[in-house]
Amino acid sequence: MVIPAGPARALCPRRRRPAEDDHGRPHQAQGAVLRRFSPALGSPARPDAAPAAPSVSSGSAAPPVVDPSAVSRPLSGSPGPQPTLGVNTAVPAFFPSLLAAVEGDKSARSDGLGAPSTEVPTCPGPHSCLPQVQTRKEEPLPPAASRSIPTFYFPRGRPQDTVNIDAVITKIERTFAQFPHERATIDDMGRVAKACGCPLYWKGPLFCSAGGERTGSVSVHKFVAMWRKVLQNCHDDAAKFVHLLMSPGCSYLVQEDFVPFLQDVVNTHPGLAFLKEAAEFHSRYITTVIQRIFYTVNRSWSGRITCAELRRSTFLQNVALLEEEADINQLTEFFSYEHFYVIYCKFWELDTDHDLLIDAQDLARHNDHAISTKMIDRIFSGAVTRGKKVQKEGKISYADFVWFLISEEDKKTPTSIEYWFRCMDLDGDGALSMFELEYFYEEQCRRLDSMAIEALPFEDCLCQMLDLVKPQTEGRITLQDLKRCKLANVFFDTFFNIEKYLDHEQKEQASLLRESDSEGPELSDWERFAAEEYDILVAEEAAGDPWEDGYEAELSPMEQKLSALRSPLAQRPFLEAPGSLGAVELYEYECGDDDLPPS
């Protein structure tokens, strides 16, 4: 039987009477149908009859769609491969047993959902294959339940279920009830800070964050609303401190954000009471502390202190110690006034015109021209100084000098190593090549020759330095190599500090290693330098620095103020102060016109 392959008939077959052919005409003979289905009737088919292949009209691209309901299994008792009924196959009406078998086969082969099976029997021969039946697309299986990954990133601290916000707010309201009209001034904020569970010297940031700086006082309702928001969004001390000090819309702290906090420390800490009479030094002290904070805390050199950097530092612990320690000089890491005094006096000696700016010639006079001119040029090149006003007509500010002096006197800290590595890395490729080392060592050799000291050839010096640093890559010294080396200070001094280089040459390497391996409450190189310099300044003040003709020098107004500030500090020895400087870093703090000394 011929199956039409036209796409319109295949998709929408017309139901015909069993006695009609494809053209609607009655069959000429039903014997052909009997012979076609003779296996189903028990009579064998002609062995010499070849199976008829279905004809496909030219131009038809797709096979006809077969109705699954017209597919049947071979009848029982029929040997050999069996044909199947197609869509347009005419079934004689006088075969009730065959139709019953087809209907029964549909119900027997249905799946569990009641849909008939779409399995097609194998064609009897290569030339008589009927079109394949389209299978029903199975529904996709539901996805497996995903594993719940717990939150592991808490930029504002890990939330704590033990914090009872309502209880804290109730305690704050009881504290405000003790003030007139339930309004707190800056003098009352110490008690409010304790009610909030914060260190005492958080009182300044709390007062400013609640708007007290604008109005002079804070109402209970405004403060409670502010602190409730802090407790709901910030879950550790670092996040709370950053939230209180940061500018609106920011998530980090810049240098100006620390000014109100430090001004409150200057105004209220008992160890700085003598500074009230010298208001012009407030900004100098605050500038110094801010630079030391960023030198130590801002490890990314970005000029922005984040919550993560604040957590990794010891700054908040030092803020808490301000309440317990009446002597500000015991807090040597950030707040020591004696350290500020040493730094400022060193800067004042170099700043001949006292405009709080120094040029390359002024900086070269530091420590009797100990630093090479090539390194001085690198410092003024912008390798370690940044910002809008880092250099003003080839000059650096007092804030830049704070970074320079701490890095120069203590080359063992991570920040100082980064500071000098940036200066020596001429091409900025992140590694010191042999050419860059030779570039700086040439000037050292010339200076040694001028001092009648035989200089070590560069090849021999290079071998010593490579044995000292032990770089992982041959011919290249990276920042990590120097941080792993315990004698990074010896490496740097060899190439640009002639005085300290000669001092290291006089010491045995074993003694240098013993000094670097010493543990305990030993003073750092910076603390040791600050202690020695402060003692020298106190001794000079006590001696009066008489002139050679027997008359005392006439002090300038600024020197008279420095002398007045030095006297209360000279009453105790500085060497009592132990502590470690910790990691340190660089950023620039611009001095305004109000920081200039009076004319």
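Visitor: Before we look at anything, what does "partly exposed" mean here, say for histidine 369?

Guide: Buried means under 20% relative accessible area, exposed means over 50%, and partly exposed is what lies in between. Histidine 369 has a relative accessible area of 41%, so it is partly exposed. Keep in mind that we're looking at a predicted model.

Visitor: Where is histidine 369 placed?

Guide: You'll find histidine 369 in the loop between H15 and H16. Its phi is near 60 degrees, a positive value in a residue other than glycine.

Visitor: Which other residue in the loop between helix H15 (360-364) and helix H16 (373-380) should I look at?

Guide: Try asparagine 367, which lies in that loop. Asparagine 367 has phi near 55 degrees, again a positive value in a residue other than glycine. With 36% relative accessibility, asparagine 367 counts as partly exposed because that value falls between the two cut-offs.

Visitor: Let's zoom out. How many helices and strands does the protein have?

Guide: There are 26 helices and 6 strands. The protein has 599 residues, and 44% of them count as buried. The surface it exposes comes to about 32,400 Å², with carbon and sulfur atoms supplying 53% of that.

Visitor: And how do I read contacts along the chain?

Guide: Look at how far apart in sequence the partners sit. Take contacts between residues at least 6 apart in sequence: 69% of them join residues at least 24 apart. Tryptophan 526 gives you a case of distant positions in sequence: it and serine 407 are 119 residues apart along the chain, yet their C-alpha atoms are 8.5 Å apart in space.

Visitor: Is tryptophan 526 buried or exposed?

Guide: Buried, because its relative accessible area is 0%. Tryptophan 526 belongs to helix H25 (residues 525-543).

Visitor: Which residues does phenylalanine 261 touch, apart from its neighbours within four places in sequence?

Guide: Phenylalanine 261 is in contact with Tyr201, Pro205, Leu245, Phe315 and Val319. Phenylalanine 261 sits in helix H10 (residues 259-268) and counts as buried, at 1% relative accessibility. You can also check a spacing: phenylalanine 207 is 54 residues away along the chain, and the two C-alpha atoms are separated by 9.9 Å.

Visitor: What about a charged residue? Is lysine 203 buried or exposed?

Guide: Lysine 203 is buried, with a relative accessible area of 8%. Lysine 203 is part of helix H6 (residues 203-209). Beyond its neighbours within four places in sequence, lysine 203 is in contact with Ile186, Met189, Gly190, Ala193, Asp264 and Thr268.

Visitor: Now for whole helices. How many residues of helix H22 (residues 488-496) are buried?

Guide: 9 of its 9 residues, so you can call H22 mostly covered. Among them are Asn489, Asp493 and Thr494, along with Phe491, Phe492, Phe495 and Phe496.

Visitor: How do I read the way H22 packs against another helix?

Guide: Start with how close the axes come, then take the angle. For helix H20 (residues 458-469) and H22, the axes come within 10 Å and cross at roughly 160 degrees. That makes H20 roughly antiparallel to H22, because angles over 145 degrees count that way. Their crossing is left-handed. Cys461, Met465, Leu468 and Val469 of H20 make the contact with Val490, Phe491, Thr494 and Phe495 of H22. Sorted by class, this contact has 7 nonpolar, 1 polar and no charged residues.

Visitor: Why do the residues in such a list skip along a helix?

Guide: An α-helix has 3.6 residues a turn, so residues three or four places apart point the same way.

Visitor: At roughly what angle do the axes of helix H11 (residues 282-297) and helix H17 (residues 398-409) cross?

Guide: Roughly 50 degrees, and the axes come within 9 Å. H11 and H17 are therefore oblique to each other, and their crossing is right-handed. On the H11 side, Arg284, Thr287, Thr288, Gln291, Arg292, Phe294 and Tyr295 take part, and they meet Tyr398, Ala399, Val402, Trp403, Ile406 and Ser407 in H17. By class, the contact of H11 with H17 has 7 nonpolar, 4 polar and 2 charged residues.

How values were computed: Residues are numbered from 1 along each chain as its sequence is written. This is a predicted model: local features need pLDDT of at least 70, side-chain atom pairs count only at pLDDT 80 or more; totals for chains, interfaces and linings use all residues. Side-chain values use heavy atoms; hydrogens and water are left out. Axes are lines fitted to C-alpha atoms, for helices over the stretch in contact, and angles run from 0 to 180 degrees between N-to-C directions. Helices (H or I, at least four residues) and strands (E, at least two) are DSSP runs, numbered from the N terminus. Angles under 35 degrees count as roughly parallel, over 145 as roughly antiparallel, 65 to 115 as roughly perpendicular and the rest as oblique. A crossing is left-handed if the near helix is turned anticlockwise from the far one by less than a right angle, and right-handed if clockwise. Contact means heavy atoms within 4.5 Å. Ala, Val, Leu, Ile, Met, Phe, Trp, Tyr, Cys and Pro count as nonpolar, Asp, Glu, Lys and Arg as charged, and the others, Gly among them, as polar. Buried means under 20% relative accessible area, exposed over 50%, partly exposed in between (1.4 Å probe, protein chains only). Accessible areas come from the Shrake-Rupley method with a 1.4 Å probe; for residues, only the protein chains shown count as cover.
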